[in-house]
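User: Please examine the structure shown below and answer the questions that follow.

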Amino acid sequence: MDFDGKMGPEGHAARVAVRPRYGIMVFPMDFEILREDGSARMGLLRLARGVIHTPAFMPVGTNATVKAMSPGELKEIGAEIILGNTYHLSLRPGHEIIRSVGGLHRFMNWERPILTDSGGFQVYSLSALREIEETGVHFKSHVDGSMHFIGPAEAMAIQAALDSDIAMVFDDCTPYPATHEYAFDSLRRTLSWARSCRELQREGQALFAIVQGSTYKDLRMMSAERLREIGFDGYAVGGLSVGEPKELMHEMIRFTGPLLPADRPRYLMGIGDLRDVLVATEAGFDMFDCVMPTRNARNGTLFTNAGRISIKRTEFKADEGPLDPRCGCDTCRNYPRAYLRHLFLTREILGMRLNTIHNLYFYMDFFRKMRDAVNSGTFSEFRRNWEGVIEREPVTEEEGT
Ligand SMILES: [Zn+2]
């Protein structure tokens, strides 16, 4: 097994992988921390469909597609796991249709692991109308305005139909700002739903809990403690990056990370700004997902080793150089900046595809370098260097899921 983020044939052989210390691996999941540097960790998450090097970035495949990328291209850039959305897929095409076609992997021709979001966050962020009850949430579809209901049982049934490798518990995402009283009430629901989801966990499917509690440390602590008592395969932190100031978000990341069991994967949901990723990795998080690289790519904002650039700028009009001379992706190896600018301005589909290939490759490469830094005990230095690069970015854009 190599540790540079590439998936060799041995990754696909994980189905019969043997873990030296314990013999035949126990499914649905096995997590091993290989190195620690301060609180930052580098490890391996083994699932039946493949091995994931952590800290890991999961490209977002909301509608059973990582926008503009084919599964072959995703593999080529080194993606080991992607994320699918319960909320979106249950509305369109419908999870029963996906089940009848053989599950999400077969449906979208992606044989590596998939994590499915439970829908809690999308119900909160996308639905025009939501009514929360003790048993779940009634919401209005953002697609056609029809009314639907998702609770823990529905979320688990949908994720079972999709046959994802990692399912998430259904949670109540607390809006920001929220009073302590509201946040406590919301957390109480999340905990009760987590318990129901745990009871419904399917054999062979890993289940991750979600820590909520808004920006209240006592609630985050209580949330983590109760979820640990129930016991899950992994632990996620949700309800951040929902409008709170950046400093407060970082404070909550630093506070909550160490509350999660050290021997289980820790997943920071929906956060992928590289500055935040550095803070979270330092706090001991292992998994990340975000639409930032793919959405920015389609908007012509590209990450490079010299900071972010906007490809539409006039200075690139006749620029014959590669997008990022230090990047090894297909886009950077083969196309001049002038061409990428032209494709973007003429709204050609190829422009979005080439930009997405680059941005996702850049993210995968960043995570590979970050793992190498943890491995060699130089994470602090890596972090300082990158903060310098990221601060140089001339473009800032609002992001969200
Ligand atoms: Zn590139």
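User: Which residues does Ala-236 touch, not counting residues up to four places away in sequence?

Analyst: The model is predicted, and contact here requires C-beta atoms, placed from the backbone, within 7 Å. Ala-236 is listed with those that have the most contacts inside the largest nonpolar core. Leaving out residues up to four places away in sequence, Ala-236 touches Met-168, Phe-208, Ala-209, Ile-210, Val-211, Tyr-267 and Met-269.

User: Which helix gives the most to the largest nonpolar core?

Analyst: The largest nonpolar core has 117 residues. With 13 residues, the top contributor to this core is the helix spanning residues 349–375, α15. At least three residues of this core come from each of domain 1 (52–290) and domain 2 (303–391). The helix asked for is α15.

User: How many of the eleven residues of helix α7 are buried?

Analyst: A residue counts as buried if 20 or more other C-beta atoms lie within 10 Å of its own. In α7 (residues 152–162), Pro-152, Glu-154, Ala-155, Met-156, Ile-158, Gln-159, Ala-161 and Leu-162 are buried. The helix is thus mostly covered, and the number of buried residues is eight.

User: Which residue follows α7, and has a positive phi?

Analyst: The phi of this residue is near 60 degrees. The residue is Asp-163.

User: What is the bridge partner of Thr-304 in β18?

Analyst: Strands β17 (residues 301–304) and β18 (residues 307–310) pair in the antiparallel sense over four bridges. The two strands form a hairpin, with two residues between them. Within β18, Thr-304 has as its bridge partner Gly-307.

Terms used: Residues are numbered from 1 along each chain as its sequence is written. This is a predicted model: local features need pLDDT of at least 70, side-chain atom pairs count only at pLDDT 80 or more; totals for chains, interfaces and linings use all residues. A residue is buried if 20 or more other C-beta atoms lie within 10 Å of its own, exposed if 12 or fewer, and partly exposed in between; C-beta atoms are placed from the backbone. Two strands pair if DSSP finds at least two bridges between them. A nonpolar core is a set of buried Ala, Val, Leu, Ile, Met, Phe, Trp, Tyr and Cys residues joined through C-beta atoms within 7 Å. Domain bounds come from an automatic or database domain assignment. Two residues are in contact if their C-beta atoms, placed from the backbone, lie within 7 Å.
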